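Reader: Got a minute to walk me through a structure? Let me pull it up first.

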Amino acid sequence: MKSRLVVRPLVGSCRYKTGVLSRRLGLRWASDTWSSGPAQKPGSDSVNFPGALNSKFTATMKFHNPAEQTAIPTYRIMDADGNIVDNTRDPQSASDEEIIGWYKNMLTVSIMDLIMFDAQRQGRTSFYMVSAGEEGIAVGSASALVPEDVCFLQYREQGVLIQRGFTLKEMMSQLFANKDDHGKGRNMPVHYGSGKLNVHTISSPLATQIPQASGAAYALKMQRLINPNVPPRIVACYFGEGAASEGDFHAALNIAATKSCPIVFVCRNNGFAISTASIEQYKGDGIASRGMGYGIDTIRVDGNDIFAVREVMLEARTRALEGDCKPILVEAMSYRVSHHSTSDDSFAYRAKREVEEWKRRDNPITRLRKWMEKKGLWDEDKEKEARASIRKEVLREFSAAEKIKKPALREMFTDVYEEITPEARSQMEQLKALIEKYPKEYDVSVHEGGLKSLE
Amino acid sequence: MLPYRRVSSIARLLKVPSQSRHASQAATGARLNKPIEYKKTPILHQSQQSARSAFDLSQDAPVDWQNLHGAINTSLHHALKTDENVLLFGEDVAFGGVFRCSKGLADEFGTGRVFNTPLSEQGIVGFAVGCAAEGMKPVAEIQFADYVYPAFDQLVNEAAKFRYREGGTGGHCGGLVVRMPCGSVGHGGLYHSQSPESLFTHVPGLRVVMPRSPSQAKGLLISSILNSNDPVIFMEPKILYRAAEEFVPRDAYTLPLDKADVLKKGKDLTVISYGQPLYLCSAAIEALEKDIKGLSIELIDLRAIYPWDRPTIMESVNKTGRAVVVHESMYNAGVGAEVAASIQEGAFLRLEAPVGRVTGWSTHPGLIYEKFNVPDVTRIYDTMKKTLEF
């Protein structure tokens, strides 16, 4: 972009001419590094290039090869059999009741997934996406947040919503796009959102939420500066490893780092973006290795270990709010046990045996269950009872939501702008006149208020 | 030596066309295509009295002689001072901006509120959407409208649809304003000349506005930042940054974001335009009215390009029976197409001639072809004449 070549020298010349950029305490200009003193002292062992601080000279020509680096390790507290691997880190930062609550929330996600997947297969909803294998990442990380924290989701984080208090009724209202749906029937299923719970509504374009989350985090930081009585808050931003290939991921991490935003980026690395395996997605050491490049504190965690995810998220939250604030990157490893969505048959691109093996060998729900059983908190009877009652409740909300009317037709035109424009108003009238003229061609009875709502 | 040459090249980008050595130089003997005399045009408030009466101010109300970038700077200053939630950021904004619109603001309001971002348009707009979603009023700057496309997804799929998809949650990013210098500048070539407004007018949820003058920019920008709960694309014709100077009321004021402005009354023909071409229209109207005795042409500034003010346009065309739409960007699916089609629907029985369109040709803004590409006084004069003679 030519303009930038043209512009940069002006920055330098302007500084000398006008003194506009006179240094002030606490202000750090990006150019501070190169306007101070001579570029290079004789005999110095380090470089004073503005673009790389603290880089030492070397006479050895060495290309840095990522293959020579050890892969970033995966942090865990509990093994696949529910044993605590490091007894000094027993995860009792939560009460037994809370832990049972997480377990039930994971179970709820899992049971609802099965029911809704089948419902879509029967044509009762248009679409669905399950979370199988990733319940631990969602519930574990959300358990470390406070209600005031703000969440931006991708779409496979039902556990975050449930952990934050999203009800089954709200979920079903969204899935059936009925009049109680916060999204007023405008979004595809699984695009949940809640103002009350500080979870922004999910949108389909991948990774767009990541720079937005950085901006939201900056806003939270500024609001606390404006009013110190506002409690410290962070943004938790979730995305998959496929979405991390989008330009928005790059933009978001870079700006979050340069503007010191209190945000925790949570990457769910489940090995697949629809049919694309991670080996076709990137060549580096996962997503975590990129964090360092942006100057971001980073950790990789076992996503099937809810204790590890929670501990990491608690620590990340603390660090994000320390001092002038900063972003943190968490890469949570898992395996997408399910199909990508109801529109996908994943056995077209991966072996059924591999999936079955993951299901059997390791999953966040059975891992926590084993731990709870060893601790005497859980047994087969409790399991049966919990499954039965969750299933009953899901089915009850399912059939209730299915029967509720669709939102009013006028909601098609509202909320485009704060006020309905004259153009939209005229189109509402045109639509109403058309339906009145051809009443048998359209069924408006399923909509709240029928045709009247278009007045 | 090299840096100085580069500095002077950006300065050239800012020069008024009459001083430019390239595209806008008049041909020898030209009667119509003469350089626009910004110091004389009736579009700008050349006297304090004119500015005061236009804004219904008292005789002693303070007014300042300002150019466009000065007026924008004053408006940004007012917004930052009035509301702590206002943030200003983009590439090279902190030192004052490459067009000086944010001069002095980082010093006064601190780098927490007025700051540089990394060089990433999708990042700038995405970041701004997020700030707005949490109740701030971010004013994001895209250095040139030509570079807005990396942020197109964030604007079209995210900013525009944010309130709609949030629905009952009450979430929205209405505090968002995206400023971008646009339009030809005499020698901007392919990537310092574009006017992508029609790409945004196709997107419900975004407000698209373009001011024609310093006083209008002030009222519209203050409205966009402080009074609008919808995301606004605020397009600034960069050729006017230093060229258009006029008296501007000193105190803050607002202008509506959905109303056209009748600049000159007339009865025989309606000319509709926005931004810099209004000056060309004004000159062409003056020439044609001189050539045809008794002719009177109405000139309307669309001002709000979307959502736009159909009633004002329809009222005018139903009175005059003839219309010409003028804009700098391309003919194909441009704003002119929407306006002309609406006139055809809203004034069919009164139309006495096809609606004329004077626009850039359906090509790219090649460097040395600019004076043949964008509308000029001659083309506007000729189309008005043809429309009247039809």
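Author: Sure, we can go through the interface, some salt bridges and a few backbone oddities.

Reader: What kind of model is it, and what are the ground rules?
Author: It's a predicted model, where local features need pLDDT of at least 70, side-chain atom pairs count only at pLDDT 80 or more, and totals for chains, interfaces and linings use all residues. Residues are numbered from 1 along each chain as its sequence is written, chains are lettered from A and ligands numbered from 1 in the order in which they are written, and side-chain values use heavy atoms, with hydrogens and water left out.

Reader: OK, how many residues does each of chain B and chain A put into the contact?
Author: Chain B supplies 66 residues and chain A 61 residues, with contact meaning heavy atoms within 4.5 Å.

Reader: And how much area do they bury?
Author: About 5300 Å² between them, 61% of it on carbon and sulfur atoms. Buried area here is the accessible area (1.4 Å probe) that two parts lose on being put together, summed over both.

Reader: How many salt bridges go across?
Author: The rule finds one between chain B and chain A: Arg310(B) with Glu423(A), at 2.8 Å from N to O. The rule wants a side-chain nitrogen of Lys or Arg within 4 Å of a carboxyl oxygen of Asp or Glu.

Reader: Which element of chain B gives the most to that side?
Author: On the side of chain B that touches chain A, several elements give two or more residues, among them helix H1 (2-14) and helix H5 (121-133). H5(B) gives the most, with nine residues. Helices (H or I, at least four residues) and strands (E, at least two) are DSSP runs, numbered from the N terminus.

Reader: Switching topic, how many salt bridges over all chains?
Author: The whole structure has 51. One of the pairs is Asp324(A) with Lys221(A), closest N and O atoms 3.4 Å apart.

Reader: Why care where those two sit?
Author: Asp324(A) is in the loop between helix H11 (306-321) and strand E8 (328-333) of chain A, and Lys221(A) is in helix H7 (residues 209-226) of chain A, so the pair ties together parts 103 residues apart in sequence.

Reader: Which residues does the cis peptide bond join?
Author: Tyr306(B) and Pro307(B), with omega about -15°. Pro307(B) sits in the loop between strand E12 (304-306) and helix H12 (310-320) of chain B.

Reader: And what's up with phi at Asp92(B)?
Author: Asp92(B) has a positive phi of about 65° although it isn't a glycine. Asp92(B) lies in the loop between strand E2 (86-90) and H4 of chain B.
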